[in-house]
Amino acid sequence: MNSHKLACALLACTLSATAQAAQMNRSFHHLAGNAWVVDLTVVADGDPADLRGFTTYFADGLFADLTLLASPAQWDSLVIQTDTVLASAGYLDAFIIGGLGLAAGQSQGGFSVRFSYLGSGSPGELSFDIVDANYQVLYSGLTAPAAVVPEPATLVLGLFGGALLLGFVRRARHLPGAAVTTGFPA
């Protein structure tokens, strides 16, 4: 088995091992003191076929004073406070109203919750559940940091560098006496 086929097989195994029903991305913004805001985006991968709702949990003892700042118009969202007496987490519960849910590859942002962070440093992962139309939990996971989108100049510079490197390799292959090996056929 050549190295190219082996690399493709390893990539396929890695991608299949990390598949999940949905992903919840988070972005924290520090306001002042212990006041923070988290912006949430849910991303569907097609299992379930249409994502209808989710619950994001805010751990008791680390979060307080939860306030829903924003929610997309077609979503019914509510925030429940943490309860220190019952040692119960607070949560954001969101469910799409009517119509279809999110299909594979679709995402929905616009969920913002303000809170007081009682821990040290900055907030981290939040637990979440994905639910179906009957509120049955289909998947549970942890939020991930929102993806960093490279600035256009960085992207152009990376593409230019790759094209330049490819040009050098092609030119070196055509020089007499050059010994350039890349593992790919000429």
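Accessible area here comes from the Shrake-Rupley method with a 1.4 Å probe. By that yardstick, the protein chain exposes about 11,500 Å², and carbon and sulfur atoms supply 61% of it. Keep in mind as you look around that this is a predicted model.

Let's start with the overall layout. The protein chain has 2 helices and 10 strands. Walk along from the N terminus and the order of elements is α-β-β-β-β-β-β-β-β-β-β-α. Of the chain's 186 residues, 28% count as buried. Now take the contacts in the chain with a separation of 6 or more: residues 24 or more positions apart account for 63% of them.

For a concrete case of distant parts meeting, turn to the aromatic rings. A search of the whole structure turns up 13 aromatic pairs. One of them is F28 with F115: the ring centres are 6.1 Å apart and the planes sit at 85°, so this pair is edge-to-face. F28 belongs to strand β1 while F115 belongs to strand β7, which covers residues 107-117, so the pair ties together parts that are 87 residues apart in sequence. F115 has a relative accessibility of 1%, so it counts as buried.

Another pair to find is F58 and F63. Their ring centres lie 5.4 Å apart with planes at 80°, so they are edge-to-face too. F58 is buried, at a relative accessible area of 0%, and F63 is buried as well, at 4%. Zoom out a little and these four rings turn out to belong to one aromatic cluster, made up of F28, W36, F58, F63, F115 and Y117.

Now go back to strand β1, residues 22-32, and look for R26. What does this arginine do for a partner, given that R26 is buried yet has no salt bridge? The nearest side chain of opposite charge is E125, at 5.3 Å. A salt bridge needs a side-chain nitrogen within 4 Å of a carboxyl oxygen, so that cut-off is the one to hold in mind here. R26 does have polar company, though. Its side chain makes a polar contact with the side chain of T143, at 3.2 Å. The backbone oxygen of G124 also lies 3.2 Å from a polar atom of the R26 side chain.

Those residues are part of a longer list of neighbours. Leaving out residues up to four places away in sequence, R26 touches V38, D39, L40, G124, E125, T143, A144, P145 and A146. So E125, without forming a salt bridge to R26, is still among the residues that R26 touches.

Technical notes
Residues numbered from 1 in each chain as written. Predicted model: local features only at pLDDT ≥ 70, side-chain atom pairs only at ≥ 80, totals over all residues. Heavy atoms only, no water. Helix = DSSP H or I, 4+ residues; strand = E, 2+ residues; numbered from the N terminus. Buried < 20%, exposed > 50% of the residue type's maximum accessible area, 1.4 Å probe, protein only. Lys, Arg positive; Asp, Glu negative; His and termini not counted. Polar contact = N/O pair within 3.5 Å; in protein donor to acceptor, adjacent residues only side chain to side chain. Contact = heavy atoms within 4.5 Å. Phe/Tyr/Trp six-rings, centres within 6.5 Å; stacked < 30°, edge-to-face > 60°.
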